[in-house]
Amino acid sequence: METRMRIGELAARAGVTVKAVRYYERLGLISAPREPNGYRTFGEDQLRAVQEVRELGALGIAPSRARPFLDCLEAGHAHGDECVSSLAVYRDAIVELDRTIAELARRRTALQQRLEAGAGQAGAEHAGAGQADDHSAPDDTVLPDYTVLPDGLPVPADDGAADHLPGLRLPALRLPTSDGGTVDFSALGPGRTVVYLYPLTGRPGTDLPEGWDAIPGARGCSTEACDFRDHFAQLQDAGAARVFGMSSQDPAYQAEVVARLRLPFPMISDEGFALAEALGLPVFPASGHARLHARLTLIVVDGTIEHVFFPIFPPNTHAQQVLAWLEAHPRTETAA
């Protein structure tokens with residue numbers, strides 16, 4: 001007689017969370033009958049299916065694309081990738097990876113060229129200044145790369161400063177954006193809106209505030225923007241109708257960042273901290289700045305804050321965290 005198990009045991013044996021199992025159920029990847037006592041129980045077939053979905057996820061294949069592998073197992077095959085339909089998913093995934101790799105290589109080449117050109121210009125300016133200043137820095141000075149996180153950054157702690165935000169309505173507030181437009185927070189439109197707030201982005205050759213790396217959660221704004229850029233299409237597919245970055249920097253400064261990092265979405269400028277004051281958002285001081293936005297992300301639907309990410313660390317993978325949440329909490333037609 002086949003051994004039956006409850007959802008907690010299934011999750012533990014498969015190496016996933018109970019939340020993941022329920023998500024697979026919603027996708028129709030597994031199902032379980034109810035016993036006379038009303039509890040759902042799972043068998044070895046469901047365990048094997050969950051393990052298969054987990055293994056595919058480790059390869060970058062989303063649960064939504066796992067159905068051909070499970071059909072292959074249900075057909076009696078020992079492995080989920082022994083069927084033509086499963087191999088087609090592998091081929092598609094490889095093509096997508098090749099495209100991503102090619103695009104990343106192109107971006108890296110362009111960035112390297114710009115880095116070398118910028119360093120050459122900085123070196124020329126430095127050489128000219130050095131003729132008049134015997135105390136100038138060495139000619140081999142390397143400009144900092146603000147798209148890479150240094151090691152040993154302090155991890156921010158959850159101080160409860162954002163606990164009150166879920167369920168709040170956004171105010172009737174209009175703010176300028178980096179593309180010359182405005183955003184009305186009381187009329188964002190249908191569907192979910194992702195607004196990630198960040199302290200400030202650095203520019204090559206421009207110093208960050210003194211002691212910046214020692215402030216928990218401060219460093220990493222450019223890397224966070226790049227992660228949202230690289231996962232923008234996936235966020236849209238997962239239900240994000242709009243994505244905005246937001247800081248207290250002026251629209252012209254943000255426009256330079258959008259252009260330099262090639263962001264597919266605009267930034268919102270709140271120089272007066274109007275939204276922070278209306279919602280009680282967490283802020284912090286830094287050298288040369290009386291206050292800056294703490295790193296925080298809002299998921300907004302129908303004008304109400306549905307979910308909040310705070311604190312955020314590391315910022316260079318935060319967009320993937322938002323993507324995972326959206327995929328795990330799809331909006332139903334009734335909710336929409």
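These legends accompany close-up views of salt bridges and one helix in a predicted model.

**View 1. Arg-65 and Glu-96 are joined by a salt bridge.** Welcome to one of the 18 salt bridges that a search of the whole structure finds. Here the N-to-O distance between the side chains of Arg-65 and Glu-96 is 3.1 Å. Arg-65 sits in the loop between helix H3 (44-58) and helix H4 (67-74), while Glu-96 belongs to helix H5 (residues 84-130), so this contact ties together parts that are 31 residues apart in sequence. Both partners are partly exposed: Arg-65 has a relative accessible area of 26%, and Glu-96 has a relative accessibility of 38%.

**View 2. Within helix H4, Asp-71 pairs with Arg-67.** In this salt bridge the closest N and O atoms are 3.0 Å apart. The two residues are four places apart in H4, about one turn of the helix. A little helix geometry is handy here: an α-helix has 3.6 residues a turn, so residues three or four places apart point the same way. As for solvent, Asp-71 is partly exposed at 37% relative accessible area, and Arg-67 is also partly exposed, at 26%.

**View 3. Which residues of H4 are buried?** They are Phe-69, Leu-70, Cys-72 and Leu-73. Look down the axis of H4 and these buried residues fall within an arc of 155°, so they line one face of the helix. Arg-67 and Asp-71, the salt-bridge pair of the previous view, are instead partly exposed, with relative accessibilities of 26% for Arg-67 and 37% for Asp-71. Following H4, you will meet Gly-76, which has a positive phi, near 105°.

**View 4. Arg-229 and Asp-230 meet in a salt bridge that is part of a network.** The side chains of Arg-229 and Asp-230 come to 2.8 Å, N to O. Are these two partners buried or partly exposed? Asp-230 is partly exposed, with 34% relative accessibility. Arg-229, at 16%, counts as buried because its value falls under the 20% cut-off. The pair does not stand alone: through salt bridges that share partners, Arg-229 and Asp-230 are joined with Glu-103, Arg-106 and Arg-107 into one network.

Technical notes
Residues numbered from 1 in each chain as written. Predicted model: local features only at pLDDT ≥ 70, side-chain atom pairs only at ≥ 80, totals over all residues. Heavy atoms only, no water. Salt bridge = Lys/Arg side-chain N within 4 Å of Asp/Glu carboxyl O. Buried < 20%, exposed > 50% of the residue type's maximum accessible area, 1.4 Å probe, protein only. Arc of directions from axis to C-beta.
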